[in-house]
Amino acid sequence: MLPFLFRRTFGAIVTLILLSAVTFFVFFAVGDPALMSCGKNCTADNIALIHQNLGLDKPLPTQYWDFLSGIFVGRDYSLGHCSAPCFGYSFATKQDVWATMVDRLPTTASLAFGGAVAFLVIGIGAGLLAAWKRGTFLDKAVTSVSMILSSVQIYILGPIVLGIFVYSGVMDSPKYVDLTSNPAGWFMGLLLPWLVMSTIFTAQYTRMSRSTMIEQLQEEHVRTAKAKGMPARYVFLRYAWRGSLIPIVTILGMDLSSLFGGAMITEFTFSLAGIGRLAIDSVITLDLPMVLGVMLFSAALILMFNIIVDAAYAFIDPRVRLS
């Protein structure tokens, strides 16, 4: 297990370095970062001063090394010392990039966690129910609804849900409330975004859990358990359900990046100030430090969760061995 984790961690670090290098040099190919930072009515003297303050007068490889080393040991700017992990200062707000991301993280983390719980519970539950009642009207109804929901997009469903529940006065506008200070407000404030964001994922996991459960019910060890006279419900939950988790966990690992993309669109649709909304605003304003920070932070989280998912295989199914 440990050699596997070391290999995957090393590969993740290499991936992050390559991503940061590509993004860094692409922004310089688009234009001068000093112009992005200077804003309107910028003079040549202002641009020269920004070049000096941000180290843009150095060769590109040196600038990239300064950026990369600043993440681990910090870096000095004209605005002051940026403590590690330092991703620089935003061109738009002049605020510390890391501090801004940390401030936005609870909103995105709450949205992603709640959405994942929603689509896993609803999707897997509906799929198992459809497999248990295979061939019945309930099975056909669940399958049909999942097919319809899979074609609905967040940016279409979001405004519809807002019109039905918020603009009509049935519910308050979605917002983030600190979980520790007001758990009920936190839940109600994010309930609609959770349900909307989880819609597409719910449909996918419903179909996947149904098909994998039906396959597991045909496995030899499941038929053997039935032949021994074990109750059908016990065999369904104890033997077949556990084996059906492997492909679901695999898809969950791949869906983590999609989950972040869904959070971006959901935050924009419901006007939630999270990292996803921050990423969109930073790309629009060409805020290089913020884009780099958000990209590396998000990629690191996705890679970390993928490693955890891969390592979890051995605990879910004893037949799986890590090589």
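Let me begin with a convention: a residue is called buried when its relative accessible area is under 20%, exposed when that area is over 50%, and partly exposed in between. Please keep those cut-offs in mind, since I shall return to them. I should also state at the outset that what we are looking at is a predicted model.

I start with the chain as a whole. It contains twelve helices and two strands. Read along the sequence, these elements follow the pattern α-α-α-α-β-β-α-α-α-α-α-α-α-α. Taken along the principal axes, the C-alpha atoms fill a box of roughly 85 × 55 × 35 Å. The chain has 323 residues, and 42% of them count as buried. As for contacts with a separation of 6 or more, residues 24 or more positions apart account for 66% of them.

I turn now to the loop between strand S2, residues 80-82, and helix H5, residues 97-132. Pro 85 is found in this loop, and the peptide bond leading to Pro 85 from Ala 84 is cis, with omega near -5°. Lys 94 lies in the loop between S2 and H5 as well. The phi of Lys 94 is near 65°, which is a positive value in a residue other than glycine. Is Lys 94 buried, exposed or partly exposed? Its relative accessible area is 40%, so Lys 94 is partly exposed by the convention I opened with.

The next topic is the disulfide. The count for this model comes to one. Which cysteines does the disulfide join? The partners are Cys 82 and Cys 86, with an S to S distance of 2.2 Å. The link between Cys 82 and Cys 86 is right-handed, with 115° about the S-S bond. Cys 82 has a relative accessibility of 1% and therefore counts as buried. Cys 86 is likewise buried, because its relative accessible area is 2%.

Let me move on to helix H5 and its packing. In general, two packed helices are described by the angle between their axes and the distance between the axes. For H5 and helix H8, residues 183-216, the axes come within 5 Å and cross at roughly 35°. H5 passes H8 in a right-handed crossing. The residues of this contact divide into 20 nonpolar, nine polar and one charged.

Three residues of H5 deserve individual mention. Ala 116 has its place in helix H5, and at 15% relative accessibility Ala 116 counts as buried. The C-alpha atoms of Ala 116 and Ser 198 are separated by 6.9 Å, although the two residues are 82 residues apart along the chain.

Thr 107 is also placed in helix H5. With a relative accessibility of 5%, Thr 107 counts as buried. What does Thr 107 touch, not counting residues up to four places away in sequence? On that basis, Thr 107 touches Tyr 176, Leu 272, Ala 273 and Gly 274.

Thr 100 is the third of these residues, and its place is in helix H5 too. Thr 100 has a relative accessible area of 17%, so this residue is buried. Leaving aside neighbours within four places in sequence, Thr 100 is in contact with Gln 95, Leu 278 and Met 290.

Leu 278 brings me to helix H11 and its surroundings. Helix H10, residues 232-269, and helix H11, residues 275-284, are joined by a loop in which Ser 271 lies. The phi of Ser 271 is near 55°, again a positive value in a residue other than glycine. Here the relative accessible area is 57%, so Ser 271 is exposed.

Within H11 itself, the residues Ile 275, Gly 276, Leu 278, Ala 279 and Ser 282 are buried. Why can these residues be said to lie on the same side of H11? They cover an arc of only 160° around the axis, and that puts them on the same side of the helix. Just after H11, Leu 286 takes a positive phi of about 55°.

To close, I return to two points. The cis peptide bond runs from Ala 84 to Pro 85, and the disulfide joins Cys 82 to Cys 86. Further along, Thr 100 of helix H5 is in contact with Leu 278, one of the buried residues of H11. Thank you for your attention.

Definitions and conventions:
Residues are numbered from 1 along each chain as its sequence is written. This is a predicted model: local features need pLDDT of at least 70, side-chain atom pairs count only at pLDDT 80 or more; totals for chains, interfaces and linings use all residues. Side-chain values use heavy atoms; hydrogens and water are left out. Helices (H or I, at least four residues) and strands (E, at least two) are DSSP runs, numbered from the N terminus. Buried means under 20% relative accessible area, exposed over 50%, partly exposed in between (1.4 Å probe, protein chains only). The arc is that of the directions from the helix axis to the C-beta atoms. A disulfide is a pair of cysteine sulfur atoms within 2.5 Å. Axes are lines fitted to C-alpha atoms, for helices over the stretch in contact, and angles run from 0 to 180 degrees between N-to-C directions. A crossing is left-handed if the near helix is turned anticlockwise from the far one by less than a right angle, and right-handed if clockwise. Ala, Val, Leu, Ile, Met, Phe, Trp, Tyr, Cys and Pro count as nonpolar, Asp, Glu, Lys and Arg as charged, and the others, Gly among them, as polar. Contact means heavy atoms within 4.5 Å.
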